[in-house]
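Trainee: I'd like to learn how to read a model like this one, feature by feature. Can you walk me through it?

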Amino acid sequence: MEAITTTGTFFDGISARPRSVTLRLTFRLDIVGEDVARDWSLLDLRAADAAAPLMRVNHAQGPESVEFADEAFAQALMARCPDLNRTEGGSGVTRLVLWSIAAGLSVLLTAIYGVPAASGLLAPLVPQAIEAQLGRSVDGQIVTLLDDPPLCNEAAGRAVLDRLTARLSEGMALPVAPQVSVRRHKIANALALPGGRVILLSDIIAKARNGDELAGILAHEFGHVAARDPMRSVITAGGTSFLLSLVLGDLTGSTVLVTVGQAAISAGYSRDAERAADAYAVAAVKRAGGDGAALAAILERITDADDEKPDGISFLRSHPFTAERAARIRSLAGEKPTGSGILSEAEWKSLQGLCPEPAKPEKAKPEKTRPNDGKSPTPTEKL
Ligand SMILES: [Zn+2]
């Protein structure tokens, strides 16, 4: 994703004084002026009412806002900010009406063509704001289904992950800037959710032998984001009743969502979708200076390890892997690049430290007296 700049006006929301600023949009919005320097997360931007071509954007936490009149910049901002239209507002109403019509039509399409075909047609029509809301809900569902694994946010590793995310999305066609979260979990998996959310479970970092392998996995998920596969699979999983709940706006309370969360974990994408995500991954990793074939290596390793794990949330359930896929990845990747890889040795070390072993204090001792519940002992975690 390239940086886009424009000029605009900054308001601190307290004094009435407008200040001329330069706006720079990347994975964040930088606002720089004579005595202004802001670096806003795209998740905090909210569109406010303004007469076109003027666009006004408020910060979600506080009174500050910026204005500009640059159509291309506005388009880019809308494409990159999942929550831009999250709050109520004049333009939101029109959007909702249009979406209701589309969703109504979709129920009809579903009746005629069946859910899988209709979901392919509909996924691109879901407005970004609704998809973002859905992504938040599905994220919550999945975290619950996985027994609330803790977030890994160790600062140095997080910084490397953010830079890697930016490099792997730069110049690639993504509907939104991906938001990657990492959670401590013993299963090697990565999941793309609606709204550009990607969840990495920490064991996949443990299974990766170098930065290129992890970049391959991450970019593969971005490939699903680019194709809007998560939205499609959620629509397919939810079926007609889910579409109706979208129209009615009742997303959080519906039982449908449990099904949807489960589907996002265990339902596989089609072979074509996997191929397309692989091709995206190879292109993105190569473009960022890494070895595109590393994806095949880590997938093969997970495949071997997964044979002994018949659990419902393995990577392979959601991304069926075959020798044919591996061969195709390697042929797309071509020659191994001569460089040292996508991450420096130090960066890779930081990334591996993103999920440090939790300190095990006094809790271990009283547990000794706990009767054996018959389950096999928990395997020790590797880092
Ligand atoms: Zn996949």
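Trainee: Where do I start with contacts: what share of those between residues at least 6 apart in sequence join residues at least 24 apart?
Mentor: A contact here means heavy atoms within 4.5 Å. Among contacts in the chain between residues at least 6 apart in sequence, 67% join residues at least 24 apart. Keep in mind that this is a predicted model, where local features need pLDDT of at least 70, side-chain atom pairs count only at pLDDT 80 or more, and totals for chains, interfaces and linings use all residues. Residues are numbered from 1 along each chain as its sequence is written, and side-chain values use heavy atoms, with hydrogens and water left out.

Trainee: And what secondary structure does the chain have?
Mentor: It comes to 14 helices and 10 strands. Those are DSSP runs numbered from the N terminus: H or I for helices, at least four residues, and E for strands, at least two.

Trainee: How much of the chain is buried?
Mentor: Buried means under 20% relative accessible area, exposed is over 50%, and partly exposed is in between, with a 1.4 Å probe and protein chains only. Of the 383 residues in the chain, buried ones make up 48%.

Trainee: Let's take one helix. How do I read which way its residues point?
Mentor: An α-helix has 3.6 residues a turn, so residues three or four places apart point the same way. Now look at α5, where the buried residues are Gly 157, Arg 158, Val 160, Leu 161, Leu 164, Thr 165, Leu 168 and Ser 169. They cover an arc of only 160 degrees around the axis, which puts them on the same side of α5. The arc is that of the directions from the helix axis to the C-beta atoms.

Trainee: What does that buried set pack against?
Mentor: The buried residues of α5 pack against β8 (179-183), β10 (197-201), α7, α10 and α14.

Trainee: What span should α5 have, and what does the model give?
Mentor: The expected span of a helix is 1.5 Å times one less than its number of residues. For the 15 residues of α5 that comes to 21 Å, and the end C-alpha atoms are 21 Å apart, which agrees. After α5 comes Gly 171, with a positive phi near 75 degrees.

Trainee: Which residues other than glycine have a positive phi?
Mentor: Most residues other than glycine have a negative phi, and most peptide bonds are trans. Asp 147 goes the other way, with a positive phi of about 70 degrees. It lies in the loop between α4 (128-145) and α5, and is exposed at 68% relative accessible area. Arg 228 is another case, with phi near 55 degrees. Arg 228 is found in the loop between α7 (211-226) and α8 (229-248), but counts as buried at 12%.

Trainee: On to charges. How many salt bridges does a search of the whole structure find?
Mentor: Side chains of opposite charge can pair when their charged atoms come close. The cut-off is a side-chain nitrogen of Lys or Arg within 4 Å of a carboxyl oxygen of Asp or Glu. The search finds 21 salt bridges. Asp 12, Arg 17, Arg 19 and Asp 35 are linked in a network of them.

Trainee: Which residue pairs with Arg 158?
Mentor: Asp 162 does, with the closest N and O atoms 2.9 Å apart. The two are four residues apart in helix α5 (residues 155-169), so they are separated by about one helical turn. Arg 158 counts as buried at 18%, while Asp 162 is partly exposed at 40%.

Trainee: What about pairs that link distant parts of the chain?
Mentor: Try Glu 324 and Arg 275, which meet in a salt bridge at 3.3 Å, N to O. Glu 324 sits in helix α13 (residues 323-333) and Arg 275 in helix α10 (residues 271-287), 49 residues apart. Glu 324 is partly exposed at 36%, and Arg 275 is partly exposed at 23%. Then there's Lys 336 with Asp 291, whose closest N and O atoms are 4.0 Å apart. That pair links two loops, 45 residues apart in the chain. Here Lys 336 is exposed at 63%, whereas Asp 291 is buried at 11%.

Trainee: Last one: what is the volume of the second largest pocket?
Mentor: Rolling a probe the size of a water molecule over the atoms shows where empty space is left. On a 1 Å grid over the protein atoms alone, a pocket is an open set of points where a 1.4 Å probe fits, with protein on both sides within 12 Å along at least five of seven lines; lining residues have an atom within 4 Å of a point. The second largest pocket has a volume of about 590 Å³, that is, the space filled by probe spheres set on the points, with points joined across faces, edges and corners. Of its 21 lining residues, the closest to the centre are Arg 158, Asp 162, Pro 178, Gln 179 and Val 180. The largest share of the lining, five residues, comes from β8.
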